[in-house]
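Let's take a walk through this structure, one piece at a time. Keep the 3D view open while you read.

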Amino acid sequence: MAKKKQEQYGNDSITQLKGADRVRKRPGVIFGSDGLEGCEHSVFEILSNSIDEARAGFGTLITVTRYEDRSVEVEDFGRGCPVDWNPAEGKYNWELVYCELYAGGKYANDEGESYEYALGLNGLGACATQYASEYMDVTVRRDGNRYDLHFEKGEIVGSMTTSPIDRKKTGTTHRWRPDLSVFTDIDIPEEWFRQTLRRQAVVNAGVTFRLRIQHGAKFETTDYVYEHGILDYVQELAGEDTLTAPYYIEAERRGRDRADKPEYKVRLSAAFCFSNRLSLIEYYHNSSWLEHGGAPDKAARSGFVSGVDAYIKKLGKYQKNESKITWQDVQDCLVLVTNCFSTQTSYANQTKKAISNRFIQEAMTEFFKQQLEVWCIEHAAEAGRMADQVLINKRSREQADRTRLNIRKKLTGTMDITSRVEKFVDCRSRDPERRELYIVEGDSALGSCKMGRDAEFQGIMPVRGKILNCLKADYGRIFKSDIITDLLKVLGCGVEVEKHGRELNAFNLDNLRWSKVVICTDADVDGFQIRTLILTMLWRLTPTLITEGYVYIAESPLYEITSKNKTWYAYSDAEKNRIVEELDGRKFTVNRSKGLGENSAEMMWLTTMNPETRRLIRVMPEDAERTAYWFQLLLGDDLAGRKNHIAEDGYKYLDMADIS
């Protein structure tokens, strides 16, 4: 069969997507994905055309409406999209704009034509969004006429209609609904519209972005406008309590990305301040928010580190043999928003989340260095505060790095517990906030728990038989016990007694390697006794683990109840009875649950180790003295007290005794 299929792969096997199918069947190629993110980008493609009109000086209001049926409308008051006959192309302009990929009016923007700095450059957005729509209605107002177009699933329906209007009324309106057969999700959240229009208001000074959101018969309307653009935005973000006042810088450069490439123009602008409360950096290019940065991010890293480092050296603030600052030290106190435009732009892809122009990166780097040097001279007091804060960030980071390194050494270096403790099974994670230690009963339980656990964050330590009673034994005997000392080494936190083995450190809770210490034993008398002995050891040697809530008991099921192919697990007689009652009329079997070592890996995961389904009891004594009293009575040297307790209250626990 496979050979027959291969033989069928011939010259007639090669096909080409045509028309709307080029987008409808492969939306991810144009929009970045076929999910909600791609649908959002299709909206931005239409919005960007209106933004380009406003940037070119035509119209100061752009209105975006989100309807309850998930359709979207974008209206601008620019010149109106050309739609009449184009003799050079031999087609109507509306066909070129809405039905042809790679057709648009922004390819010659460096030659002084319609747009100098444009967001939409590839001639894809309007056509691709139309192709990916269930329907799209386009209304164009220009040259004293109103032109109307209606598309459905990428095809024109009917023909363009024309009617006369006031010549002063110009602009373009698009209303469309993204097609659910193209995108997996078209329910764009309100917050995306709010964030997008707010960002566009920031980088398009003086342009009002009006958002209308339909709620029933009413529309919630919000205007976003920043008269001074990014400077107002930085002031809004930083507030009044900053190390330095917001500062605006701008410049214009010409250059080329490569010697054989044409020269182009770039306009650079940025606003920044330094703060010990806030850190935020955003890059914009031709009005598009560069989520992944690219060239501007590399320029900011190089320019600011170089400029701040030079100023710190000039002031002599570095200590002897101290290492220089890094980008992280500057970034932690920097609020920076860049807003740049260029007549030639190399986007990483159609989604425009990063740019890669070499000249833009070099121009911005030099721009930041020069402007920062000027700022430091003109604002000496503020620059001094900035330098002090950057050095504080640097020294704090280095101290934190040293602390992390010491902890890592304890976990994986000289205190490598995986090689020092026999039969201990570690987990992969080195994050103490995630790691869980299961203390299990014997080698058989070790096997089933090892196969049933999540090896990413669950480690296993088996204890061999019944450990020493730490309330009766002296410290000499306790620390000669390999079982106890191995367990303490695995815990990593040391012991809370003055006399201890040389291999054990004094207690330090910060050195605990686990977020949970889970005691996991069989649900029988022997298992209960082993559990109690482990708790006794922890209570005497590391009581803080109990009082701080790090110690847990894993409940294991008492009964397995099976009916047909389904199994229920009961952790008490009452739970067993409830399940049996619910199975009224159906055949079932009830079996006493096996020991942990006889359980399958699947059962161990489901009943004992899966955080979603397991039952853990946190050992958290409400009264430490009361807990100590019961440990001492039941496991200590008070033989007479223990006899009296058994004589008076022993009958209450007869059902737990093995009298078979």
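## A five-stranded sheet

In this predicted model, five strands line up as an open sheet, in the order S20-S19-S21-S22-S26, and their pairing is mixed. At the edges sit strand S20 (458–463) and strand S26 (616–618), each of which pairs on one side only. On average, neighbouring strands here are turned by 30 degrees against each other, if you ignore direction.

A bit of background helps: strands of a sheet pair through backbone hydrogen bonds, and they do it either parallel or antiparallel.

## Going strand by strand

Start with strand S19 (residues 436–441) and strand S21 (residues 516–520), which run parallel and are joined by five bridges. If you want one pair to click on, Leu-437 has Val-517 in S21 as its bridge partner. Next, S21 pairs with S22, again in the parallel sense, over three bridges. Here Ile-519 stands opposite Ile-553 in S22.

Then the direction flips: S22 and S26 pair in the antiparallel sense, over three bridges. One of the partnerships to look for is Ala-554 with Leu-616 in S26. And which way do the residues of strand S22 (residues 551–554) point? Val-551 and Ile-553 go one way, Tyr-552 and Ala-554 go the other, and all are buried.

## Two crossing helices

Now find helix H14 (residues 442–452) and helix H20 (residues 601–609): their axes come within 8 Å and cross at roughly 80 degrees. An angle of 65 to 115 degrees counts as roughly perpendicular, so that is how H14 and H20 lie to each other. On the H14 side, the contact is made by Ser-448, Cys-449, Met-451 and Gly-452, while H20 brings in Ala-601, Met-604, Trp-605 and Met-609. Sort these contact residues by type and you get six nonpolar, two polar and no charged.

H14 also has plenty to show on its own. Its buried residues include Ala-445, Leu-446 and Cys-449, and the buried residues of H14 pack against S19, S20 and H20.

## The nonpolar cores

The largest nonpolar core has 60 residues, and those touching the most other members are Leu-47, Ile-62, Val-64, Tyr-98 and Phe-209. Helix H4 (residues 36–55) gives this core its largest share, seven residues. Apart from this core lies another one of 44 residues, with Leu-243, Leu-268, Ala-270 and Ala-299 among them.

Zoom in on Tyr-98 to see a busy spot. Leaving aside neighbours within four places in sequence, Tyr-98 is in contact with residues including Cys-81, Tyr-131, Met-136, Phe-151 and His-174.

How values were computed:
Residues numbered from 1 in each chain as written. Predicted model: local features only at pLDDT ≥ 70, side-chain atom pairs only at ≥ 80, totals over all residues. Heavy atoms only, no water. Pairing = 2+ DSSP bridges. Helix = DSSP H or I, 4+ residues; strand = E, 2+ residues; numbered from the N terminus. Axes fitted to C-alpha atoms, helices over the stretch in contact; angles between N-to-C directions. Core = buried A, V, L, I, M, F, W, Y, C linked by side-chain atoms within 4.5 Å. Buried < 20%, exposed > 50% of the residue type's maximum accessible area, 1.4 Å probe, protein only. Contact = heavy atoms within 4.5 Å. Parallel < 35°, antiparallel > 145°, perpendicular 65-115°, else oblique. Nonpolar A, V, L, I, M, F, W, Y, C, P; charged D, E, K, R; others polar.
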